[in-house]
Amino acid sequence: VVRTGPIVAEHHTVAEAGATFGTSETGTVRLALFHRTVADPITFSPYNGTASPFPGAVIANGPSINSSGITAHLDVRFWSFSLEGNLEYLLQKSGGTTLQAFPKLSGNGGLFFRRKLVNDKMELKTGFKGRFALPYVGSLFNPEMIAYVANAGIPLGTSASADFFLIGHIGDAYIHFIWENLAGIRYYGTPYYPGGERAIRFGISWEFLN
């Protein structure tokens, strides 16, 4: 790990404006615009000037980064179903250049069923949840530093996955069943480290103390 000069603290200026609509019975919808300026951001860039098998990193203060975007949050309930989701559009610029460290558009959410059954003795929550992100550059994990540095290699493609889950609550016991990555799609959150493959998890847990 090297640095090209003294490091000064970075400064953040954040502004946000938005509105929330809804009721306690039907749920809420929230929209917000945001703008963040980071002056003297501390950056971690790849550095290959060492004989180490792992790439090194240069720590330095970079030019100001301006981030603008919009976020949307949905939480709607009808009968025993609920629809929840988050969506974000992000545009980052620094020194007149558009950055791609994060996806321009990303989101997550799910459709859930929740109700008490068997004379209210069993509480059941089940449904599908998923996530997606448009192509972006991302960050590269440096195992020697145990930190992330800017990715100077191949950008990450579009990523998406969906899970099915079921949670049952009977007395003091909880039953968990999760089917991760239903479609078995290979995706990457950071270069060379793929996201989880299709897998099934099952477990039972108890509350001994409350």
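Tutor: The radius of gyration is taken over C-alpha atoms, and the globule rule is 2.2 Å times the number of residues to the power 0.38. This is a predicted model, in which local features need pLDDT of at least 70, side-chain atom pairs count only at pLDDT 80 or more, and totals for chains use all residues. Residues are numbered from 1 along each chain as its sequence is written.

Student: What makes the radius of gyration of the protein worth setting against that of a compact globule of 210 residues?

Tutor: The rule puts a compact globule of 210 residues near 17 Å, but the protein has 22 Å. Along its principal axes, the C-alpha trace spans about 70 × 45 × 35 Å.

Student: How many helices and strands does the protein have?

Tutor: Helices (H or I, at least four residues) and strands (E, at least two) are DSSP runs, numbered from the N terminus, and by that count the protein has 0 helices and 17 strands.

Student: Why are strand E1 (2-3) and strand E4 (42-47) called edge strands?

Tutor: Two strands pair if DSSP finds at least two bridges between them. The open sheet of 3 strands has the order E1-E5-E4, with mixed pairing, and E1 and E4 are its edge strands because each pairs on one side only.

Student: How do you know that E4 and strand E5 (residues 56-61) pair?

Tutor: They pair in the antiparallel sense over 6 bridges, and the definition asks for at least two, so the pairing meets the definition. In E5, Ala 60 is the bridge partner of Thr 43.

Conventions
Side-chain values use heavy atoms; hydrogens and water are left out.
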